[in-house]
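Me: I have a structure open and would like to go through some of its labels with you. Could you show me how each one is earned?

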Amino acid sequence: MKYWYLGIALFCMACSKKDQPAPTPTGPVTQQEINNWMLDSMRLFYLWNETLPVSANPQQETVSFYNSLKNAADPFSMIYNPGNWATFPRSMLYNYGMDYSIIPHPSAASGFIGVVRLVIPGSNADKAGFSRGMYFTAINGQPVNSSNAATITAQLLREGKGNFTPATITAGVISEQTPVEVLLGIVTENPIYLQKVINSNGKKIGYLFYNAFNDNYNNALLTAFQDFKAQGVTELILDLRYNTGGSLAAAAVLSSLVASRLNAQTSFVEYTGNNKQGKQLLDVSTMLRYPESGTPVNFSSIQSARLTLDRVFILTGRQTISAAELTINNLKPYTQVTQIGQTTYGKDKGAVIIKDGSRRITWVLQPIAYRLSNAKGEGNYATGITPQYVVDEMTSLPLSAIGDISDPLITRALALINGGGRSASSENVNRENTYFNTLSTGAEVIIPR
């Protein structure tokens, strides 16, 4: 996506007066120049632009001033400097290579224990010997509990290394092992962790664990569905329980592969901005034209790989966020979506990328600019999307391997596919529990302009 066009437009609008461009500033960039640029940009695009101040504080440091502009209801807008890695947001998954939960356990000295949910292959956590389902009792010598988990995790992200105390549980007895150091780094993730066909009761059921909407893997996504199609898959389980979101174009690719009623001209996402941006409706072809990375996917390529399905089963968790939630919501007008797991995070908004066209200012803004809805105008899931079938994987420990049919979410999906599931109205066995979960606030849904 050619974001710099947007930056040029913003710069010209901010620096023009009666259609006559003001002279380009010379000399070193001042804090006042940076803050004025930020405020002018936010006035044009920020969803809550009515709460912005009349003028910029010329003395306040860049990040501090940007944060002061953010609305109290906005934990998502970002600012970073591409030349300074320290300004980029950090997360356990994409900097250490693992996510974990802190849950109650009666045998733990602190009353809590850590459970590793996911490890990125090749990451520092993977190299240190961590894997899905492993337990730990302490980080940097501090026994973990519900009160200190957030503070300890923030410390890990800030300091760049941590010592975890692995543990095993045998007959309810916890045995601690030698602490293991894990270092922070930049992790590259292939979001397609597993794609396989499950044979159950004479049915061929496709299973896909997909963890981020990354355009660099759109062709791999097509290949996965071509294989599903070649094997005669008639049902699909889409596992998005930890999916951190990402590209609208990738969401369009996946949705088109799943829902055969979608076509290139089908309306897919509606976004509503502030009093200057208004409301717009994007069709599938428009979304495909603007990948955040890589080259666009042609709809004809999708058609050759798409399945003919009447429904899709989507597995979710509290970590399902951003474009993953958009996909769930925006598939609903076009196919039957059965959601299993836990209520999603609740991020029903998208951002734009803003750069200074003069290139004097090196900072990049990603302010929330739009509320997102599906083709029917249905959105408003800021508190999350609630599943028809509530299932908590942490009530069935140790965690099963990704894609294992003993996993409680997959078990429930297979039961429903085979006609043995309970109705949504009678679902009351597994209630949602609250734990500490490491979580990125999600890759921003970037609105193409």
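**Charged pairs and nonpolar cores**

Reply: Gladly! Let's start with a pair in this predicted model: D99 and R117 are both buried.

Me: What makes D99 and R117 a salt bridge?

Reply: The side chains of D99 and R117 come to 3.6 Å, N to O. The cut-off for a side-chain nitrogen of Arg and a carboxyl oxygen of Asp is within 4 Å, so the pair qualifies. D99 sits in strand β4 (residues 98-104) and R117 in strand β5 (residues 112-119), 18 residues apart. By this rule the count comes to 10 salt bridges.

Me: Why is D407 called buried?

Reply: Buried means under 20% relative accessible area. D407 has 2%, so the label fits.

Me: And how do you know that R132 is buried?

Reply: The value for R132 is 18% relative accessible area. The limit is under 20%, so R132 counts as buried too.

Me: What joins D407 and R132?

Reply: Their side chains meet in a salt bridge at 3.7 Å, N to O. D407 lies in the loop between β21 (389-390) and α12 (408-417), while R132 is in the loop between α5 (124-127) and β6 (135-139), so the pair ties together parts that are 275 residues apart in sequence.

Me: Why do D239 and R241 count as a salt bridge?

Reply: The N to O distance between their side chains is 2.9 Å. That is within 4 Å, so the definition is met.

Me: Are D239 and R241 buried or exposed?

Reply: D239 has a relative accessible area of 1%, so it is buried. R241 is buried as well, with 3%.

Me: Which residues make up the network that includes D239 and R241?

Reply: R132, D239, R241, E393 and D407 are joined into one network by salt bridges that share partners.

Me: Let's turn to the nonpolar side. Which residues have the most contacts inside the largest nonpolar core?

Reply: Those are L208, Y210, L221, F225 and L254, in a core of 81 residues. Helix α8 (residues 248-258) gives the most to this core, with eight residues.

Me: What does F225 touch, not counting residues up to four places away in sequence?

Reply: F225 touches L208, L236, L254, L257, V258, A305 and L307. Contact here means heavy atoms within 4.5 Å.

Me: How many residues are in the second, separate core?

Reply: That core has 22 residues, including I120, Y207, Y242 and L414.

Methods. Residues numbered from 1 in each chain as written. Predicted model: local features only at pLDDT ≥ 70, side-chain atom pairs only at ≥ 80, totals over all residues. Heavy atoms only, no water. Core = buried A, V, L, I, M, F, W, Y, C linked by side-chain atoms within 4.5 Å. Buried < 20%, exposed > 50% of the residue type's maximum accessible area, 1.4 Å probe, protein only. Helix = DSSP H or I, 4+ residues; strand = E, 2+ residues; numbered from the N terminus.
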